[in-house]
Amino acid sequence: VYRSNDFVLETIFYGLMENAIKFQKDERNGKNFIKVKVYKKQKQLIIVFLDNGIGIKESHAEHLFQMFTIAARERKSIGMGLYIVKQAVEKLGGTIEFSKSKSGYTRFKVVLPVVK
């Protein structure tokens with residue numbers, strides 16, 4: 001059982017799901033996917049979001065969690081989603097990181113402390 005601030009945790013899930021959906025490839029053959037894996041490791045809750053969307057340019061990766069990023073403007077988005085997610089993760093004492101999986105998919109990993 002993981003106990004937390006429901007609203008803040010929902011904000012994290014909603015923001016990462018919205019991001020994955022918003023930046024899906026235009027695939028009409030049904031091959032788009034979003035995978036979410038949640039598990040506990042020692043005293044941490046790990047949440048991994050993996051999707052095969054349009055991807056994130058390496059040049060945009062370091063600014064990904066800032067407001068009003070160039071990457072967001074290129075996609076005609078306001079650019080607040082991942083900023084809000086990061087603020088929510090930090091409010092719960094956790095961390096978030098972006099990486100590309102071995103298959104080139106977009107991967108966000110959220111690590112939250114388990115508080116008893």
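**Exercise 1. A ring pair between a helix and a strand**

Is Phe13 buried, partly exposed or exposed in this predicted model? Work out its class, then describe its partnership with Phe49.

*Solution.*
Step 1: Start with the accessibility of Phe13. Its relative accessible area is 27%. Buried would need under 20% and exposed over 50%, so Phe13 is partly exposed.

Step 2: Now turn to Phe49. Its relative accessible area is 3%, so Phe49 is buried.

Step 3: Look at how the two rings meet. The centres of Phe13 and Phe49 are 5.5 Å apart and the planes make 65°. Edge-to-face needs over 60 degrees, and the pair is indeed edge-to-face.

Step 4: Place the rings in the chain. Phe13 belongs to helix H1 and Phe49 to strand S2, so the pair ties together parts that are 36 residues apart in sequence.

**Exercise 2. A second aromatic pair**

How many aromatic pairs does a search of the whole structure find? Classify the one made by Phe98 and Phe108.

*Solution.*
Step 1: The search finds three aromatic pairs.

Step 2: For Phe98 and Phe108, the ring centres are 5.7 Å apart and the planes stand at 50°, so this pair is tilted.

Step 3: Phe98 sits in strand S3 and Phe108 in strand S4, and the pair links parts of the chain 10 residues apart.

Step 4: Check the surroundings: Phe98 and Phe108 are both buried.

**Exercise 3. Building the sheet**

In what order do the four strands lie in the open sheet? Build the sheet up strand by strand.

*Solution.*
Step 1: Begin with S1 (residues 34-41), which pairs with S2 in the antiparallel sense over eight bridges. At one end of this pairing, Ile34 has Asp51 in S2 as its bridge partner; elsewhere, Lys40 stands opposite Leu45.

Step 2: Add S4 (residues 106-113). S2 and S4 are also antiparallel, over eight bridges, and Leu50 faces Arg107 in S4.

Step 3: Add S3. S3 and S4 pair in the antiparallel sense over six bridges, with Arg107 in S4 as the bridge partner of Ser99.

Step 4: Read off the order, which is S1-S2-S4-S3. The edge strands are S1 and S3 (95-100), each pairing on one side only. On average, neighbouring strands are turned by 15° against each other, direction ignored.

Step 5: Add the helices. Helix H1 (residues 6-22) lies across S1, S2, S3 and S4 and runs at about 150° to S1. Helix H4 (residues 81-91) packs on the sheet too, where it touches S3 and S4; the direction of H4 makes about 135° with that of S3.

**Exercise 4. Two turns**

Which residue in the turn between S1 and S2 has a positive phi? Compare the two hairpins.

*Solution.*
Step 1: The hairpin of S1 and S2 has two residues between the strands. Gln42 lies in that loop and has a positive phi of about 55°, although Gln42 is not a glycine.

Step 2: Is Gln42 buried or exposed? Its relative accessibility is 71%, so Gln42 counts as exposed.

Step 3: The hairpin of S3 and S4 has five residues between the strands, and here Gly104 takes a positive phi near 90°.

**Exercise 5. A charged residue under cover**

Where does Asp51 lie, and which residues does it touch beyond its sequence neighbours?

*Solution.*
Step 1: Asp51 is in strand S2.

Step 2: With 7% relative accessibility, Asp51 counts as buried because the limit is under 20%. The strand around it fits this picture: in S2 (residues 44-51), seven of the eight residues are buried.

Step 3: List the contacts, leaving aside neighbours within four places in sequence. Asp51 is in contact with Ala20, Phe33, Ile34, Tyr105 and Thr106. Recall that Ile34 is the bridge partner of Asp51 as well.

**Exercise 6. Lysines over rings**

Which rings have Lys35 and Lys37 over them?

*Solution.*
Step 1: Lys35 lies over the face of Phe33, at 4.9 Å from the ring centre.

Step 2: Lys37 has its charged end over the ring of Tyr39, 5.1 Å from the centre of that ring.

Technical notes. Residues are numbered from 1 along each chain as its sequence is written. This is a predicted model: local features need pLDDT of at least 70, side-chain atom pairs count only at pLDDT 80 or more; totals for chains, interfaces and linings use all residues. Side-chain values use heavy atoms; hydrogens and water are left out. Buried means under 20% relative accessible area, exposed over 50%, partly exposed in between (1.4 Å probe, protein chains only). Two strands pair if DSSP finds at least two bridges between them. Axes are lines fitted to C-alpha atoms, for helices over the stretch in contact, and angles run from 0 to 180 degrees between N-to-C directions. Contact means heavy atoms within 4.5 Å. Rings of Phe, Tyr and Trp (its six-membered ring) pair if their centres lie within 6.5 Å; planes under 30 degrees apart count as stacked, over 60 as edge-to-face and the rest as tilted. A charge sits over a ring if NZ of Lys or CZ of Arg is within 6 Å of the ring centre and within 35 degrees of the ring normal.
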